[in-house]
Amino acid sequence: MAKPQPYSLKKTDARQEQQSFAAGQAIYTHSTSGAAWRVLSGSVRLDRLEPNGEQNFANLAIKGDIIGAETLLFDSYSFTATALTPCLLTPWPEGCSAPAGDSLLHNMAKAERRAADVIALRCGQAAERVRRLVFLLAAPGEASGEGYVEAIGEAIARPLQVTLPPRQDMADITALTLETVSRMVSGLRRAGILKPLSTSGGVSTSRFSLAAIPLDLENAG
């Protein structure tokens, strides 16, 4: 993953306006001070700093998730956050100086579910890992494991849209090779599950309409 350019945030920014970030732009960096944020749209990659100085994928945040909440306890970020896709963030907690107990518990439970999502994205057959990631990014919500199934049902009823991160980021998230992810995405496109959206410059390579169609992608590469 290319090293992102940091976007500076200060602790006093907790009540500031919503912030938008372009794909690949750093939101905050490890060990710096700042505020917690809620993801309103898009997706965010969280990386941990290893003892050898390398940044490795640690977690994924999508619509509704909270990032940087550790600053409420430790006054600094434990991870480096980078926008996987264009995203919009708002300071958290919204409209108050400290989150209520039920809000904290709710978001702790959601964080645990998201961690389970990420583990599922790194286990099993390559086709299922990629398909889970695609549907997770297409229809994030309060539920996670159940949300994946609900997203498929919703895609059958009406097409959804999804913005995919760069293929290398998808490979890092799913613990697959770049070549395997590219092959799986191509299989989804050939099957009609992913249909590129038209843009002013032609056909998009990252934005797709999404339909749920059963497919054995392992045999479609």
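This tour goes through salt bridges and one helix packing in a predicted model.

**Strand β4 and helix α5**

Begin by selecting R45 and D169 and displaying their side chains: the two form a salt bridge in which the closest N and O atoms are 2.7 Å apart. Because R45 sits in strand β4 (residues 44–49) while D169 belongs to helix α5 (residues 167–174), this pair ties together parts that are 124 residues apart in sequence. Both partners, R45 and D169, are buried; for R45 the relative accessibility is 3%, and a residue counts as buried when that value is under 20%.

Keep R45 selected and add D172, whose side chain also meets that of R45 in a salt bridge, at 2.8 Å from N to O. Here again the strand β4 residue R45 is paired with a residue of helix α5, D172, so that parts 127 residues apart in sequence are tied together. Is D172 buried or partly exposed? With a relative accessibility of 21%, D172 counts as partly exposed, since the buried class requires a value under 20%.

Now extend the selection to D47, which completes the view of a network of salt bridges linking R45, D47, D169 and D172. Across the model as a whole, the count comes to 8 salt bridges.

**Within helix α3**

Move next to E128 and R131, which form a salt bridge whose closest N and O atoms are 3.9 Å apart, a value that is accepted because the rule asks for a separation within 4 Å. Both residues lie in helix α3 (residues 126–138), where E128 and R131 are 3 residues apart, about one turn of the helix. E128 counts as partly exposed at 28% relative accessibility, whereas R131, with a relative accessible area of 15%, is buried.

**Helix α3 against helix α6**

With α3 still in view, select helix α6 (residues 178–190) as well: α3 and α6 pack at an angle of about 70 degrees, and their axes are 10 Å apart. That angle makes α3 roughly perpendicular to α6, and the crossing of the two helices is right-handed.

Which residues make the contact between these helices? To see them, show A126, A127, V130 and V134 on α3, together with T180, V181, M184, V185 and L188 on α6. Colouring this set by residue class gives 8 nonpolar residues, 1 polar residue and no charged ones in the contact of α3 with α6.

Note on methods. Residues numbered from 1 in each chain as written. Predicted model: local features only at pLDDT ≥ 70, side-chain atom pairs only at ≥ 80, totals over all residues. Heavy atoms only, no water. Helix = DSSP H or I, 4+ residues; strand = E, 2+ residues; numbered from the N terminus. Buried < 20%, exposed > 50% of the residue type's maximum accessible area, 1.4 Å probe, protein only. Axes fitted to C-alpha atoms, helices over the stretch in contact; angles between N-to-C directions. Parallel < 35°, antiparallel > 145°, perpendicular 65-115°, else oblique. Left-handed = near helix turned anticlockwise from the far one by under 90°. Contact = heavy atoms within 4.5 Å. Nonpolar A, V, L, I, M, F, W, Y, C, P; charged D, E, K, R; others polar.
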